[in-house]
Every structure is written in structure tokens, then in C-alpha cells.
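This note is intended for a colleague who is meeting the structure for the first time. Please read the numbered points below with the model open.

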Amino acid sequence: MSESSADLREVVRQRYAAAAVKVTDGDTACCGPQPIETDENFGSTLYAADDREALPAEAVAASLGCGNPTAVADLNEGERVLDLGSGGGIDVLLSARRVGPTGKAYGLDMTEEMLALALANTARAGATNVEFLKGNIEAIPLPANTIDVVISNCVINLSTDKPAVFAETFRVLKPGGRIGVSDVVSNDDLTTEQRAERGSYVGCIAGALSFTEYRDGLEAAGFTDVEITSTHEVADGMHSAIVRAVKPADVPVGAVTLPLADSSSGCC
């Protein structure tokens, strides 16, 4: 990783660590967990009231995404779901409810403070089909061909190596598996410099791919049936978008598929 990429990753880590600490510290005060300050284009208001009310207040308060990927991923009973950049756990907990006791929801995050918050939220929710892993979305710590659905909420744009994210997502999905992602995407006519003028990297703007770049990146990794649909504008020429794609069912699984790691293999 280049020095600039490492620096950007550390800035992102620090921002989300501070967000987790704010929620955790607020929970010890008289007034309960304090929501992270966002504008109307980000955060828990993008979730239905029923979803928010079904979860611990701390999970809702820590929401920083630009959409609700669980609402578009079409999750089914018994499926295994992986959330890239799971933060305080809101999308993992919602996914766990949708896939039921025969399914499982995994959360992957690089930030110790967010992982600790997510574990506390899991205990508050009483969820038993959930596992959180520490790691980077560019090197997912799960075996190949083991996940039915990969979701993510405004996190892929924060990666400094998006081709690696797409390749790793493709690797862990079973043949026929799919992605349902919310992310920030730019108009094709905006240059990298123009995207940076509209917002910071850590603010989910400067690092966003264009619609064409996002599609090309997914297809280069092997995905088909790529759909990228804008839901609302978050800055001039920058959009929150729903991204769907499929890993072809005829991709060879390979000679050996390792079993999924048990709970002792994760960070927690």
C-alpha cells in the first residue's frame, strides 16, 4: 500500500473510531446514545421507522450510511450474508432478522471501537446468528464460495483499492450469489479533481467512482447483471446509488471449499 493510501485508510479509521466512541460515551450519559451528526443524505433516517424501532438505539445512532442495503438485497431465510464495513452493526442485525435462525449474518470492520460497539449492540438485540470479524474489505477473512449475499452501506467508496474489494467480494460469494450495495457514485463527466471539490474522502465523496467506473470494476471482477440506480443526490453530480450484481452460477467452485470459520476465528 502506498503512503498516501495508508494515510487515507488511517484517516478513515480515526473518523469511524471517533464516531463509535461518541455513541458509546453518550450511552453512559443521562440522555442515552448520541446520534452521529450527518445531513439528510446520510444516517439512520434512510431506514424505515419499523427497522429503527426494532434495533438497539446504539446501533441506530451509529448509522453513517447513504442508504439501506438490507431493503434492496432481497434476503431470504437461511442465507449467509456479509456486510462490508459493518460499523455499529445496524445492517448486520437487520440482515440477521431477515435470514432467520437457519441463516447467518457476518459483519467485517477494521475499527476496534466499531467492532466493540457492534458486539454490544448484538448482545442488546439478543441476536444469535451474528458474527463480527476484524479485517479489511480488500482482504476478506472468509473462505471462497461461502456467502450468498454481500451488502455494504457507503463503505466501498472509502477503499483505496476498489478492484481488490470487487475481486474479494466475487471470491467469497457462492456461484449464483449476489451483491446489494448502497454507495456514492459520481456522474461520468466529473473528474477526480472535481469530485474532491465536492467533498472529502472521509466524507464519502472524493473517493467515489463514476457510474461507468463502478460498472467496469464489477464486470472486470467477473460480475454480471450489473445495475446501478441513483436514489438521491448527495452533492452536485454525486449520487447515493443502489448497486446490484450477480456472480454467475456456472463459475467453477474449485476442488476444495473450506468450511466457514467458527466464532473463535474472528476478532471477538
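1. Phe-166 is a suitable place to begin. In this predicted model, Phe-166 has a relative accessible area of 3%; because buried means under 20% relative accessible area, the residue counts as buried. Tyr-214 is likewise classed as buried, with a relative accessibility of 2%.

2. Phe-166 and Tyr-214 are partners. A search of the whole structure yields 2 aromatic pairs, and Phe-166 with Tyr-214 is one such pair. The ring centres of Phe-166 and Tyr-214 stand 5.4 Å apart, and their planes meet at 50°, which makes the arrangement tilted. Phe-166 belongs to helix α6 (residues 162–172) and Tyr-214 to helix α8 (residues 211–221), so the pair ties together parts that lie 48 residues apart in sequence.

3. Phe-170 and Phe-223 also form an aromatic pair, with an edge-to-face geometry: the distance from centre to centre is 5.2 Å and the angle between the planes is 90°. This pair, too, links distant parts of the chain, for Phe-170 is in helix α6 whereas Phe-223 is in the loop between α8 and β7 (224–235), and 53 residues separate them.

4. The burial of this second pair should be noted as well. Phe-170 is buried at a relative accessible area of 13%, and Phe-223 is buried at 3%.

5. Phe-170 has a further neighbour to inspect. Lys-247 is placed over the face of the Phe-170 ring, 4.8 Å from the ring centre. The aromatic partner of Phe-170 is Phe-223, so both contacts of the ring may be examined together in the display.

6. Helix α4 merits a separate look. The helix spans residues 90–99 and is mostly covered, with 8 of its 10 residues buried. The buried residues are Ile-90, Asp-91, Val-92, Leu-93, Leu-94, Ser-95, Ala-96 and Val-99. After α4 comes Gly-100, which has a positive phi near 75°.

7. Confidence should be kept in mind when reading the model. The chain has a mean pLDDT of 81, and 72% of its residues reach 70 or more. Over residues 27–39 the pLDDT stays under 50, and the model gives this stretch 25 contacts beyond four places in sequence. Residues 255–268 also have a pLDDT below 50, with 26 contacts in the model beyond near neighbours in sequence.

Methods
Residues are numbered from 1 along each chain as its sequence is written. This is a predicted model: local features need pLDDT of at least 70, side-chain atom pairs count only at pLDDT 80 or more; totals for chains, interfaces and linings use all residues. Side-chain values use heavy atoms; hydrogens and water are left out. pLDDT is the predictor's confidence in each residue, from 0 to 100. Contact means heavy atoms within 4.5 Å. Buried means under 20% relative accessible area, exposed over 50%, partly exposed in between (1.4 Å probe, protein chains only). Helices (H or I, at least four residues) and strands (E, at least two) are DSSP runs, numbered from the N terminus. Rings of Phe, Tyr and Trp (its six-membered ring) pair if their centres lie within 6.5 Å; planes under 30 degrees apart count as stacked, over 60 as edge-to-face and the rest as tilted. A charge sits over a ring if NZ of Lys or CZ of Arg is within 6 Å of the ring centre and within 35 degrees of the ring normal.
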